[in-house]
Amino acid sequence: MASRDLRTPVVFVFETLAVAACYYAAGRLGLLRDLTVGGAVVSPIWPPTGVAVACLLIFGLRCWAGIALGALAILTHLTSPGASALGVLAGNTAAPVVGFLLLRKVGFRTDLTRLRDCLALVFLCAISAMLISSSIGVGLLVATGDLPGEDFWRVWLAWWAGDAMGVLLITPLLLGLRQVRAPLRWSRWKETVGLTAIAGCLVPLVTHTPASVLFSVFPLLIWAALRFQLAGSMVCALFASVMATVAATDHAGPFVHLSDVQIIINLQAFNGAVSLTALLLSAVIAEQRNTRRSVERACQELVEVLEHLTAGESGAGRPQWDEDGHRRNADG
């Protein structure tokens with residue numbers, strides 16, 4: 001008992017530090033590409049929110065301390081500690097925690113094989129819960145005079161969209177990769193290489209060409225969802241969103257002649273469509289496959305029951321003989 005009690009705090013400390021490190025690493029990646037909206041710098045995709053929600057779903061509510069520690073490290077990297085920074089820290093910690101609690105309230109399952117779970121992740125966590133972090137963060141910037149009041153809604157929208165995209169793109173990806181177990185067959189490996197090669201050539205081309213052909217990535221998403229389900233479709237969606245974000249922050253491709261606000265709107269519309277297509281389509285396919293397997297199992301069980309009943313009736317209809325060679329009656 002003593003060793004178990006000693007091991008529990010050690011595991012908690014290790015999980016807290018691991019979550020904080022993952023949150024901080026995701027934040028540094030998110031800061032590589034940013035846009036200036038209304039005098040504030042925002043990230044079109046903020047991966048730490050997705051990492052935080054995934055960690056909460058995997059480890060439970062106890063990892064909130066790691067989220068807060070990682071958020072503090074990011075804020076320390078960006079600015080000096082102050083009242084507004086502490087408020088942003090509280091909002092960035094509270095938003096994924098509230099999203100997790102809402103998901104747990106509705107019986108969310110982390111395998112994302114039901115359409116209702118994907119819709120819950122979209123509406124309860126990405127859209128609703130992320131309002132907390134954006135509202136607190138931008139509100140404090142305006143209250144402290146770091147942001148003009150007339151820029152509130154523009155910065156708020158960009159902040160909220162970045163947090164929501166982090167949940168929609170990163171959380172399903174981490175949950176899907178967690179379920180990958182068995183090695184792929186040789187035929188599936190060839191298909192994986194083919195999809196990777198086509199996506200590696202097509203996605204950078206359509207996101208950096210001046211022509212508006214971003215819709216060309218959707219057949220790849222459908223292919224990935226049909227053949228590789230959640231993990232494959234979300235990897236493809238994340239790659240398309242990252243390449244589009246790179247083009248947007250460089251003011252290249254279809255974003256070349258747009259203002260910063262127009263870039264945010266067009267980019268987040270594309271990222272939202274890509275993530276929702278991959279997430280919802282893979283869930284529908286998984287749900288249909290699970291339904292088909294359930295029907296097949298029920299049919300197999302029915303066949304076994306019928307065979308058992310048929311064998312019993314055949315045995316009851318055969319004549320039975322006693323030790324003296326006389327035939328027994330039906331009543332024995």
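These legends go with a set of close-up views of a predicted model.

**View 1. The whole chain, before zooming in.** Counting up the secondary structure of this protein gives 9 helices and 2 strands. Starting at the N terminus, the elements run α-β-β-α-α-α-α-α-α-α-α. Of the 332 residues, 42% are buried. Take the contacts between residues at least 6 apart in sequence, and 74% of them join residues at least 24 apart.

**View 2. Two of the spans that UniProt marks as transmembrane.** The unreviewed UniProt entry places the feature "transmembrane region" at several stretches, including residues 12-31 and 119-143. In the model, residues 12-31 come out as 95% helix and 0% strand, and the C-alpha atoms at the two ends of that span sit 28 Å apart. Residues 119-143 are 100% helix and 0% strand, with 35 Å between the end C-alpha atoms. Other stretches carrying the same UniProt feature include 155-177 and 230-249.

**View 3. Helix H5 against helix H6.** Here H5 (residues 115-143) packs on H6 (residues 152-178) at an angle of about 145°, and the two axes are 8 Å apart. The crossing of H5 and H6 is right-handed. Sorted by class, the residues of this contact are 19 nonpolar, 6 polar and 1 charged.

**View 4. Helix H6 again, this time with helix H8.** H8 covers residues 218-249, and its axis comes within 8 Å of the H6 axis. The two cross at roughly 145°, and the crossing is left-handed. On the H6 side, the contact is made by Leu-168, Leu-169, Ile-170, Pro-172, Leu-173, Gly-176 and Leu-177. H8 brings in Leu-230, Ala-231, Met-234, Val-235, Ala-237, Leu-238 and Ser-241. By class, that makes 12 nonpolar residues, 2 polar ones and no charged ones.

**View 5. Pro-210, in the loop between H7 and H8.** Helix H7 spans 186-208, and Pro-210 is in the loop between H7 and H8. With 66% relative accessibility, Pro-210 counts as exposed. Still, it has company from further along the chain: setting aside neighbours within four places in sequence, Pro-210 is in contact with Gly-253 and Pro-254. Val-256 is 46 residues away from Pro-210 along the chain, yet their C-alpha atoms are separated by 7.4 Å.

**View 6. Cysteines without a disulfide.** The structure holds 0 disulfides. Cys-63 and Cys-55 are a pair worth a look: the closest cysteine sulfur to that of Cys-63 is in Cys-55, but at 5.5 Å it is too far for a bond, because a disulfide needs the sulfur atoms within 2.5 Å. Cys-63 itself is buried, at 2% relative accessibility. Cys-201, on the other hand, is exposed, with a relative accessible area of 58%.

**View 7. Positive phi at Gln-229 and His-251.** Neither residue is a glycine. Gln-229 has a phi near 55° and lies in helix H8. Its relative accessibility is 25%, so Gln-229 counts as partly exposed. His-251 has a positive phi of about 55°, and this residue is found in the loop between H8 and helix H9 (260-317). His-251 is partly exposed too, with a relative accessible area of 32%.

Note on methods:
Residues are numbered from 1 along each chain as its sequence is written. This is a predicted model: local features need pLDDT of at least 70, side-chain atom pairs count only at pLDDT 80 or more; totals for chains, interfaces and linings use all residues. Side-chain values use heavy atoms; hydrogens and water are left out. UniProt positions are given in the numbering used here, feature names are shortened, and annotations may be inferred rather than shown by experiment. Helices (H or I, at least four residues) and strands (E, at least two) are DSSP runs, numbered from the N terminus. Axes are lines fitted to C-alpha atoms, for helices over the stretch in contact, and angles run from 0 to 180 degrees between N-to-C directions. A crossing is left-handed if the near helix is turned anticlockwise from the far one by less than a right angle, and right-handed if clockwise. Ala, Val, Leu, Ile, Met, Phe, Trp, Tyr, Cys and Pro count as nonpolar, Asp, Glu, Lys and Arg as charged, and the others, Gly among them, as polar. Contact means heavy atoms within 4.5 Å. Buried means under 20% relative accessible area, exposed over 50%, partly exposed in between (1.4 Å probe, protein chains only).
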